[in-house]
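Colleague: Before the terms used for this structure are adopted, I should like to hear the grounds for each of them.

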Amino acid sequence: MEAALAEELREIAQQSTTMKVHNEVPGGVHASGDLEDSYRINLHSRIASRVLMRMAAGGYKNENDIYDLTLAQPWEEWFGYDHTIRVDLTAVKSPLKSLEFTTLKIKDAICDRFLDQYKKRPSVDTKEPDMRIFGFVDAHQFIVYLDTSGEALFKRGWRTETGDAPLRENLAAGLLRVSGWKPGMPLFDPMCGSGTILCEAAQMVQGVPPGARRRFAFEKFHDFDPQPWLDMKTSIKPNPLPAEPTIFGSDISGDMVAMARHNLRSAGILFDVPLKQIEAQQVQAPTAQPGILLTNPPYGERIGVRGDSSLAQDELANSFYADFSSTLKQRFAGWTVFLFTADLGVPKLLRLKEARKTPFFNGALECRLFRFDMVAGFNRREAAKPKDA
């Protein structure tokens, strides 16, 4: 999602005179600015997982070099010994033998700095720390960051109920951006589950920033001035509510539809998002104007939740996708269909040629966002096919 994040950050930077967006790197995007720009990104970014502030970077030969660079940083200017900390380390092609040992050295350096100055040290809390420190090592360089976000940014503060394997909110936002959907365009998720895609889209329509309802680590920094942060939040002007619905969802499970409805309310959505309980194979286009159908179809066992248990799993998937394909061809002419799935054989099952496929990772799971352009005329060709006797 690096390209999508870079595009989003450039939009956020338009609100600032100091923020600049630099290069994309695997897993992130470099940006620069003042501390208030980090507030701005935390408040407005739907795609980022965290906003990390770089404290130092340098070459290293062993763990002692990493300890020395960490020890040299003025941690006490940002937080106190009464704060709890957690240290995480990631590595790419690093010669270090033990990441666990290196993580310990980073933690020791921070604690030793406080011990030297105050004869007291921060405690470690791996579950809900006040401050998170992130280290990154590659073959030659060590970088240490202080996290300004706290809990990962995909935790928007509204989700109380989830179904099986829910999409993370920032992944849903990334899928919406890559699909090209914009507020005002019709959007339909026919396998909406707990409604993550719908909630993200609806908040965008309403102009609700993703970070409006939660707290951040930077609020615990020394010298944190709450006024600019308060000003930033109060300057948000919500969009006018749509007169007609443009976002629609459905799911085979009534429980999921109820959960999606609850999550939309929790996310502060004040306009109608029509939801139906119906099988994906039976759905109709919800608007006369074509739009974007974006969904994360259940794969493997999840297709069988309400399926025919007498059928083997593969038969069940085959028959589901054959029926769903007919529905798309006959009822969604002119729509652009995006399916996000870990099953890389979906186009074959649908008997459709994808117009584009974008690789994504859902956690460690390699996935694809497949795009299918449902050109007008599919339905006529389908109708002309001879029916089974």
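Modeller: The following exchange takes the terms one by one, for a model that is predicted.

Colleague: Why is Glu128 called exposed?

Modeller: The term exposed applies over 50% relative accessible area. Glu128 has 65% relative accessibility, and therefore it counts as exposed. Glu128 is found in the loop between strand E5 (123-124) and strand E6 (131-137). Its C-alpha atom is separated by 8.7 Å from that of Ile85, although the two are 43 residues apart along the chain.

Colleague: Why is Lys93 called exposed?

Modeller: The cut-off is again over 50%. The relative accessible area of Lys93 is 75%, so Lys93 is exposed. Lys93 lies in the loop between strand E4 (84-91) and helix H4 (99-118). Its phi is near 55°, which is a positive value in a residue other than glycine.

Colleague: What makes Lys119 exposed rather than buried?

Modeller: Buried would require under 20% relative accessible area, and exposed requires over 50%. At 65% relative accessibility, Lys119 is therefore exposed. Lys119 belongs to the loop between H4 and E5. Its phi, near 60°, is a positive value in a residue other than glycine.

Colleague: What makes E3 and E5 edge strands?

Modeller: The open sheet of five strands has the order E3-E7-E6-E4-E5, with mixed pairing. Strand E3 (52-59) and E5 each pair on one side only, and these are the edge strands.

Colleague: How do you know that E6 and E7 pair?

Modeller: Two strands pair if there are at least two bridges between them. Five bridges join E6 to strand E7 (residues 141-147), so the condition is met. The two strands run antiparallel. Within this pair, Phe136 has Ile143 in E7 as its bridge partner.

Colleague: What makes E14 a partner of both E12 and E13?

Modeller: The requirement of at least two bridges applies here as well. Strand E12 (residues 336-341) and strand E14 (residues 365-373) pair in the antiparallel sense over six bridges, and Phe340 stands opposite Leu369 in E14. Strand E13 (residues 356-362) is joined to E14 by seven bridges, also in an antiparallel run, and here Phe361 stands opposite Glu366 in E14. Both counts satisfy the requirement, so both are pairs. E13 and E14 form a hairpin with two residues between them, and Gly363 in the turn has a positive phi of about 65°.

Colleague: How do you know that the second largest pocket draws its lining from both domain 1 and domain 2?

Modeller: Domain 1 (1-147) and domain 2 (169-210 + 238-374) each contribute at least three residues to the lining. About 580 Å³ of space lies in this pocket. There are 23 lining residues, and the closest to the centre of the pocket are Glu11, His44, Arg46, Arg177 and Met204. Helix H1 (2-13), helix H5 (169-179) and helix H6 (196-206) are the elements that give two or more residues to the lining. H1 supplies the largest share, four residues. By class, the lining holds 10 nonpolar, six polar and seven charged residues.

Colleague: Why is the name THUMP attached to residues 37-148?

Modeller: The name comes from the UniProt annotation "domain: THUMP", in an unreviewed entry, which covers residues 37-148. Such annotations may be inferred rather than shown by experiment. In the model, the chain over residues 37-148 is 33% helix and 29% strand, and the end C-alpha atoms are 11 Å apart.

Key:
Residues numbered from 1 in each chain as written. Predicted model: local features only at pLDDT ≥ 70, side-chain atom pairs only at ≥ 80, totals over all residues. Heavy atoms only, no water. 1 Å grid on protein atoms, 1.4 Å probe; cavity = no way out; pocket = protein on both sides within 12 Å on 5 of 7 lines; lining within 4 Å. Points joined across faces, edges and corners; volume = space filled by probe spheres on them. Nonpolar A, V, L, I, M, F, W, Y, C, P; charged D, E, K, R; others polar. Domains from an automatic or database assignment. Buried < 20%, exposed > 50% of the residue type's maximum accessible area, 1.4 Å probe, protein only.
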